[in-house]
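Please find below a colleague's note on the model under review. The points are numbered and may be read alongside the sequence and the coordinates.

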Amino acid sequence: MEVIKKHRGTSFVELAIAMSILLVVISISIVRVNKDSLVFDSTVTRVKTDIRRIIVMGQDDYYTYRMSFYRGYYTVSRDGMEIFKRYQGDHTHVLSGTRLEFRGIKRMGAPGGGGSLYVFNDRTKNLERITYIPASGRVTSYKDDYLKKKIMIDNWLSELR
């Protein structure tokens, strides 16, 4: 008499364990991506708010307000005295070719006009351009393509102290 061997498949318990391990790995990766995205979005909002604040304070002819950018943080100062320092995440950077400077802003016009700066996350490659017009107080932002601006962004990243 010949014995027939039964080929067993995976049991329900084995399948449940494999699925739970897979779910844990996926949930950890989603949390990491969401955290980077939240830090990026909050940095964009903070920078826009700080620029608006500086524009309002810069309507005084007496003081000069500056916004300077460094690796991992930026500062706002009045006549060389630091008012506050803002830290962003390890992978989020505020980039500009020069520091921002505001003094004597009037509603009819502003010396030096407006400009742009960028917020960049080097892990997710998110890039957002922030434009400001001091005379009107307008500060807007929109998503930009990192690959089109790669050379400029990489140069500014290398210049950060």
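**Notes on loops, sheets and helices**

1. Lys125 is found in the loop between E6 and E7. Helices (H or I, at least four residues) and strands (E, at least two) are DSSP runs, numbered from the N terminus. Phi of Lys125 is near 65°, a positive value in a residue that is not glycine. Lys125 counts as partly exposed because its relative accessibility is 40%; buried means under 20% relative accessible area, exposed over 50%, and partly exposed in between (1.4 Å probe, protein chains only).

2. This is a predicted model, in which local features need pLDDT of at least 70 and side-chain atom pairs count only at pLDDT 80 or more, while totals for chains, interfaces and linings use all residues. Residues are numbered from 1 along each chain as its sequence is written, and side-chain values use heavy atoms, with hydrogens and water left out.

3. Asp79 also calls for comment. Asp79 is not a glycine, yet has a positive phi of about 50°. The residue lies in the loop between strand E2 (73-78) and E3. Asp79 is classed as partly exposed because its relative accessible area is 40%.

4. One open sheet has four strands in the order E3-E2-E1-E5, with antiparallel pairing; two strands pair if DSSP finds at least two bridges between them. Its edge strands, E3 (81-87) and E5 (100-102), each pair on one side only. Neighbouring strands are turned by 15° against each other on average, direction ignored. Strand E1 (residues 65-70) and E5 run antiparallel and are joined by three bridges. Arg66 has Glu101 as its bridge partner in E5.

5. Another open sheet of four strands follows the order E4-E6-E7-E8, again with antiparallel pairing. Strands E4 (92-95) and E8 (138-143) are its edges, each pairing on one side only. The twist averages 20° from one strand to the next. Six bridges link strand E7 (residues 127-133) to E8 in the antiparallel sense. Ile133 has Arg138 as its bridge partner in E8.

6. Helix H2 (residues 150-159) lies across E4, strand E6 (115-121) and E7, running at about 80° to E6. Axes are lines fitted to C-alpha atoms, for helices over the stretch in contact, and angles run from 0 to 180 degrees between N-to-C directions.

7. Is Thr43, finally, buried or exposed? Thr43, placed in helix H1 (residues 12-57), counts as buried because its relative accessibility is 1%. Not counting residues up to four places away in sequence, Thr43 touches Gln88, Thr92, Val94 and Val119; contact means heavy atoms within 4.5 Å.
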